[in-house]
Amino acid sequence: GSWYMWISYAALPTFLLSQFKLIIDGSKKYLISFVVASFFAISSLQNFIIIELIAILYVLYVGYISSNLKLYLKRYILLHAVLVLINFYWLFNMALSFSQVSSSIFQNESFAGDFSSIKTSSQSLLSILTIDGYLDRNMYFHAIPRWLQQIFIHSILSVWFLVLYGFFLAKTQWKSKKITFYFFWLFIFFLSIVIVKGGNIPFSDFTMYLYQNFSFLKLYRSPQHLMLFPAFIIPMIISFSYVSYLKNLRAGKYILLLIIPIWLGAWIINGDLGRETLSQQNRDHVDLFKLSPDLERVYKKDEDSSKDYRIIFLPAVQSPRFLNTEYQRKGQGNMPEYLYLKHPTFTSEYSLFADMFEYSMCANRNVNIPAYLALFAVQEIYVRKDILPEFSRCRTTFGHELITRRLDQDKKILKTFIDCTFIIKNLFI
């Protein structure tokens, strides 16, 4: 579900640089690169919001210290008016359904599942500083032999001491406007850590308070979406420090020669690009999956049936956690086929009623299942044993066997020839 983020991320430097050139320098020749890069940048809404936040803060900052704030804001508004015009074909449709999107995402408490994945995020302060906190998807870090990983982490931390020393070397420029730009990036980086680290220390309670009280942060219910902040800003900070070494230390260029082997250490030790090490860890490819035979039969039955009814899956989630089976590997992703079923379903992330039903089942609460589901014309229930909820309230309490046994015991519900599929005897009670 996150592959499009890489496409977006690749276009962000061009998108941001073109924007600054157009707004601050007034160079119109960057308009084409800005427009082209915007098509890819916008493909990830989460990335786009972060980069636009960085852009407007930088424009406000530069405009204030250069006394050109009104001019820069005017250019910023004009440039984004062009951006809106170019993307009007989909923005118009989104505006028409905004109330529905808002109610299903921003006003829906179950969409983020109480930010459980944020509370248990692996992106600790240490992982952010070493940029290895992107779940298990940091391919370079996992290409390093395991015995070298801790050495690598400590060597990267030593680079941060070199970065801070680079700022100290530039103390003669601290009163100039140029140096304040770099302090701006350092400030944004450390400010972003408060959000990026999730439920990790320090200030874990304050961070979770922000998530739970600012609705737009539900867009960042998955921790990896926020790693853009450190991944984008850290290279800027390091580049300034390097320039500082070159200008203030004769041995500056040798500092770079010292850092390069550290960053390329995994490839040097392995003798290749890490292919062999990653293969041993089964991390050298994109995992593909196929539908289980039972799920295929459910989908086929859905397509062949001419009756009008709904089907509900349990867990009732659009974005589940996939379990290890002979048809798929463990992971987290989306279920796009749910959107194209002939007989529609509804999920707990986007529907309060689906969330209530799922929670009553996993919490083993007393509910008249046929009567409740009849309100929504649900005739079929399919308990999926290959997935678990990731963002709903049942993230830690969902039990396949308990729910299957409960459905088996209800006399108004019949089990079909397809394993874990149940039909309500009389749809309208």
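The link of Cys-362 and Cys-394 is left-handed, with -65 degrees about the S-S bond. The two cysteines form a disulfide (a pair of cysteine sulfur atoms within 2.5 Å), and their sulfur atoms lie 2.0 Å apart. One disulfide is present in the structure. The pair joins distant parts of the chain, 32 residues apart. Cys-362 belongs to helix α18 (residues 352-362), whereas Cys-394 sits in the loop between β5 (387-388) and α20 (400-409). Helices (H or I, at least four residues) and strands (E, at least two) are DSSP runs, numbered from the N terminus.

The model is predicted: local features need pLDDT of at least 70, side-chain atom pairs count only at pLDDT 80 or more, and totals for chains, interfaces and linings use all residues. Residues are numbered from 1 along each chain as its sequence is written, and side-chain values use heavy atoms, with hydrogens and water left out.

Both cysteines were assessed for burial (under 20% relative accessible area; 1.4 Å probe, protein chains only). Cys-362 counts as buried at 7% relative accessibility. Cys-394 is buried at 0%.

Helix α18 also packs against α20. Their axes, lines fitted to C-alpha atoms over the stretch in contact, come within 9 Å and cross at roughly 95 degrees. Angles run from 0 to 180 degrees between N-to-C directions. The two helices are therefore roughly perpendicular (65 to 115 degrees). In α18, Ser-360, Met-361 and Cys-362 meet Leu-402, Ile-403, Arg-406 and Leu-407 of α20, with contact meaning heavy atoms within 4.5 Å. By class, this contact has five nonpolar, one polar and one charged residues. Leu, Ile, Met and Cys are among the nonpolar types, Arg is among the charged ones, and Ser falls with the others as polar.

How values were computed
Buried means under 20% relative accessible area, exposed over 50%, partly exposed in between (1.4 Å probe, protein chains only). Angles under 35 degrees count as roughly parallel, over 145 as roughly antiparallel, 65 to 115 as roughly perpendicular and the rest as oblique.
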